[in-house]
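Q: Please take a close look at the packing of one helix in this model, and then place that helix in its surroundings. How do its neighbours cross it, and which residues make the contacts?

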Amino acid sequence: MSDIERTPVTVLGLGSMGRALAEAFLAAGHPTTVWNRTPGKAAPLVAAGATQAADIEQAVAASPLVVSVLTTFSATLQALGPASDVLSGRTLVTLNSGNPAGARAMADWAVARGARFLGGAIKDVPAAVGKPGTLLYFGGDRALYDEYESTLQVLGGHTVHLGPEPDLAALYESAVGATLLPALLGFFEGAAMITARGIKAADMVPYSVKWLQMIESILPVLADEIDNADYTRLGSSVGLFYEGLANEMANGADAGVDLSWHRPMNELLQRAMDAGYGQQSITALIELLRTPAPA
Ligand SMILES: NC(=O)c1ccc[n+]([C@@H]2O[C@H](COP(=O)([O-])OP(=O)(O)OC[C@H]3O[C@@H](n4cnc5c(N)ncnc54)[C@H](OP(=O)(O)O)[C@@H]3O)[C@@H](O)[C@H]2O)c1
């Protein structure tokens, strides 16, 4: 392993994710300094070869690359405050969740103190850290990303530079993550209907997986319609979904399942019908999402 691959690193935050990141750096042979607000959490990492910094200032000063994975951007700003004077010339990479405004504020703060900044996100669970397929993406200066790409790949083999803006990872995080709760709610609704009939939710899973694969297969078509504002290709119209949702609500009532979470979807489809999108692809809903209804 070359010296470049063994860049000294500091990991700030030793929760579930930070601990996994520090373990991966140690396993790859990087001199690794760790810091956590609750110092006792560093003990297993110190036993594995990490150096525990006495305070955040010492932690930041220890390495050219500082990877922070506290809960939020505001927690990170708060924790890094006492290290303001030693940030200059170092690279700060954040991997916490948060919104684009938080990432921009973080970047401005770090750059004002002479640091270089990459806003990142890790798109997997701690157990996946260090695996070849684990996805991490980053926004910020390309040259800076290139400089540290091989070091960051220790955390996951699938690293991506999204572009020069430091808030891009947070933006993608929100945009991609938006599917999660609605998709899970749909699964729970189906499970409530199935189990109300004495059938196990597990019996539904193979068909739900097929369904999700179908959704996966049409995403490029949906994206193409959105990018070209041409809502004619999918062959599944707003009107079709409008009728379908009414049927689903009747089925839910029949099965004794609470479908009140459908109401805003119903309202959105109604607005789309009223606006004349009935014959257009369901993708046309994006036109309404871009023009929020008055409160
Ligand atoms: N776990 C996952 O599956 C996962 C996956 C992808 C992304 N993430 C993201 O990674 C980040 C960390 O997640 P996690 O699972 O490691 O969380 P966690 O286990 O709850 O750990 C949170 C960490 O943040 C520290 N912290 C919180 N507030 C702080 C403050 N004001 N000052 C100093 N330290 C503070 C905690 O320190 P103490 O130990 O002193 O409390 C701890 O080190 C989050 O943004 C999360 O969304 C997590």
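A: A crossing of two helices is called right-handed if the near helix is turned clockwise from the far one by less than a right angle, and left-handed if the turn is anticlockwise. With that in hand, and bearing in mind that the model is predicted, the helix to follow is α5, which spans residues 100–112.

One partner of α5 is α7, and the crossing of these two helices is right-handed. Their axes come within 8 Å and cross at roughly 165°, and α5 and α7 are therefore roughly antiparallel to each other. On the α5 side the contact involves P100, G102 and A103, which meet A169, A170 and L171 in α7. By class, the residues of this contact divide into 5 nonpolar and 1 polar, with no charged residue.

Another partner is α4, whose axis comes within 9 Å of that of α5 and crosses the α5 axis at roughly 20°. That angle makes α4 roughly parallel to α5, and the crossing of α4 and α5 is left-handed. Here F73, T76 and L77 of α4 make the contact with G102, A103, A105, M106 and W109 of α5. This contact, sorted by class, has 6 nonpolar and 2 polar residues and, again, no charged residues. G102 and A103 of α5 thus take part in the contact with α7 as well as in the contact with α4.

Each of these partners leads on to another part of the model. Helix α7 (residues 168–177) lies across β6 (116–122), β7 (135–140) and β8, and runs at about 20° to β6. Those strands belong to an open sheet of 8 strands with mixed pairing, in the order β3-β2-β1-β4-β5-β6-β7-β8. The edge strands, each of which pairs on one side only, are β3 (51–52) and β8 (158–163). Elsewhere in the sheet, strand β1 (residues 9–12) and strand β2 (residues 32–35) run parallel and are joined by 4 bridges, and L12 stands opposite W35 in β2.

Helix α4, in turn, leads to the ligand, which is surrounded by 21 residues, the closest being G15, R37, T38, N96 and S97. The elements that give two or more residues to this shell are α1 (16–27) and α4 (73–80). The shell around the ligand has 9 nonpolar, 10 polar and 2 charged residues, whereas the contact of α4 with α5 has no charged residues.

For a further helix pair to set beside these, consider α10 (residues 238–255) and α11 (residues 263–274), whose axes come within 10 Å and cross at roughly 140°. The crossing of α10 and α11 is left-handed, and V238, G239, F241, Y242 and L245 in α10 meet M265, N266, L269, A272 and M273 in α11. The residues of that contact comprise 8 nonpolar, 2 polar and no charged ones.

Terms used. Residues are numbered from 1 along each chain as its sequence is written. This is a predicted model: local features need pLDDT of at least 70, side-chain atom pairs count only at pLDDT 80 or more; totals for chains, interfaces and linings use all residues. Axes are lines fitted to C-alpha atoms, for helices over the stretch in contact, and angles run from 0 to 180 degrees between N-to-C directions. Two residues are in contact if their C-beta atoms, placed from the backbone, lie within 7 Å. Ala, Val, Leu, Ile, Met, Phe, Trp, Tyr, Cys and Pro count as nonpolar, Asp, Glu, Lys and Arg as charged, and the others, Gly among them, as polar. A residue is near a molecule or strand if its C-beta atom, placed from the backbone, lies within 6 Å of it. Two strands pair if DSSP finds at least two bridges between them. Angles under 35 degrees count as roughly parallel, over 145 as roughly antiparallel, 65 to 115 as roughly perpendicular and the rest as oblique.
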